[in-house]
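Work through these exercises with the model open beside you. Try each task before you read its solution.

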Amino acid sequence: MSVRHERSRPVDRRVRVQGRPVDSYPALPPETERGSVRRVTVVGEEILSRSCQEVTVFGSPELSALIDDMFLTMYVADGAGLAANQVGVDLRLFVYDCPDDQGIRHVGHIINPVLDLPDPGSRRLVDDFEGCLSVPGAGMAVPRTDRAVARGFDKEGSPLVIEGAGYFARCLQHESDHLVGHTYLDRLSTRDRKDALRQMAERRDDAFAQRALKAAGLGRHRLNG
């Protein structure tokens with residue numbers, strides 16, 4: 001009997017915005033043009049260690065402005081995701097601009113997310129490098145499942161289902177952790193946590209300087225644009 005080779009389905013490599021593929025998308029999300037840079041909170045600050053409050057009012061100018069600011073702040077800090085409590089706001093919300101393991105870009109925001117992970121019997125844990133804008137200059141290997149689904153709402157209150165695989169699944173888990181008062185440091189052994197904090201102490205000033213340079217460059221671009 002001959003072996004029948006199944007044709008592999010072509011991968012849709014279009015950018016996913018709010019979970020849906022789009023035919024074209026700019027290098028910088030449109031939100032960055034409207035936003036302002038906010039200060040990023042640092043591990044040890046109280047707001048990062050408690051659960052965030054549910055968003056109850058949708059469609060407001062204030063919520064839209066917060067999302068715009070979070071996108072720009074994430075971009076200036078070279079992040080792949082950013083939670084609201086990382087800019088000092090006690091709300092269940094995060095933004096992201098993150099590739100998956102196939103190089104497909106995922107961009108969007110999600111409010112009041114609930115994270116679904118594979119059952120323990122079918123989940124695959126992957127150790128991979130992870131950093132955090134609130135732990136500037138540090139990075140450690142953290143075990144995460146290779147798939148995750150976040151269910152929540154967009155800023156207008158419409159339901160969202162965001163599916164992530166590989167590195168993007170890691171991003172969804174990392175940001176969801178923030179909203180319940182955890183950073184990736186909480187998933188490390190005592191020894192690795194100390195190592196990460198040592199890295200931060202040594203490198204945080206360089207990380208802050210890089211952010212300031214990028215923010216200044218962005219300001220010049222806007223003046224000349």
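**Exercise 1.** Does Asp-69 count as buried or exposed, and at what relative accessibility?

Solution. Start with the scale: buried means under 20% relative accessible area, exposed over 50%, and partly exposed in between, with a 1.4 Å probe and protein chains only. Asp-69 has 11% relative accessibility, so Asp-69 counts as buried.

Before going on, note the ground rules. This is a predicted model, in which local features need pLDDT of at least 70, side-chain atom pairs count only at pLDDT 80 or more, and totals for chains, interfaces and linings use all residues. Residues are numbered from 1 along each chain as its sequence is written, and side-chain values use heavy atoms, with hydrogens and water left out.

**Exercise 2.** Find the salt-bridge partner of Asp-69 and place both residues in the chain.

Solution. Take the idea first. Side chains of opposite charge can pair when their charged atoms come close. A salt bridge is a side-chain nitrogen of Lys or Arg within 4 Å of a carboxyl oxygen of Asp or Glu. Arg-38 meets Asp-69 in this way, at 2.9 Å from N to O. The pair links distant parts of the chain, 31 residues apart: Arg-38 lies in the loop between helix H1 (31-34) and helix H2 (61-76), and Asp-69 lies in helix H2. Now check the cover on the partner. Arg-38 has a relative accessible area of 29%, so it is partly exposed.

**Exercise 3.** Describe the salt bridges of Asp-23 and Asp-186, with the exposure of each residue.

Solution. Asp-23 pairs with Arg-14 at 2.9 Å, N to O. Asp-23 is exposed because its relative accessibility is 70%. Arg-14 reaches 33%, so Arg-14 is partly exposed.

Next, Asp-186 pairs with Arg-193 at 3.7 Å, N to O. Asp-186 is partly exposed, at 45% relative accessibility. Arg-193 is also partly exposed, at 32%. Elsewhere, salt bridges with shared partners join Glu-130, Arg-144, Arg-170, Asp-177 and Arg-187 into one network. The total count is 19 salt bridges.

**Exercise 4.** Which residues does Ala-169 contact, leaving aside its neighbours within four places in sequence?

Solution. First locate the residue: Ala-169 is in helix H3 (residues 167-179). Its relative accessibility is 0%, so Ala-169 is buried. A contact means heavy atoms within 4.5 Å. With those neighbours left aside, Ala-169 touches Thr-145, Asp-146, Arg-147, Ala-148 and Gly-164. Then look at Asp-146. It is 23 residues from Ala-169 in sequence, and the two C-alpha atoms are 6.0 Å apart.

**Exercise 5.** How many helices and strands does the chain have, and in what pattern?

Solution. Helices (H or I, at least four residues) and strands (E, at least two) are DSSP runs, numbered from the N terminus. The chain has 4 helices and 9 strands. Along the sequence they read β-β-α-α-β-β-β-β-β-β-β-α-α.

**Exercise 6.** Why does the radius of gyration agree with a compact globule?

Solution. The radius is taken over C-alpha atoms, and the globule rule is 2.2 Å times the number of residues to the power 0.38. For 225 residues a compact globule would have a radius near 17 Å; the chain has 18 Å, which agrees. The C-alpha trace spans about 65 × 45 × 35 Å along its principal axes. Of the 225 residues, 45% count as buried. Last, take the contacts between residues at least 6 apart in sequence: 68% join residues at least 24 apart.
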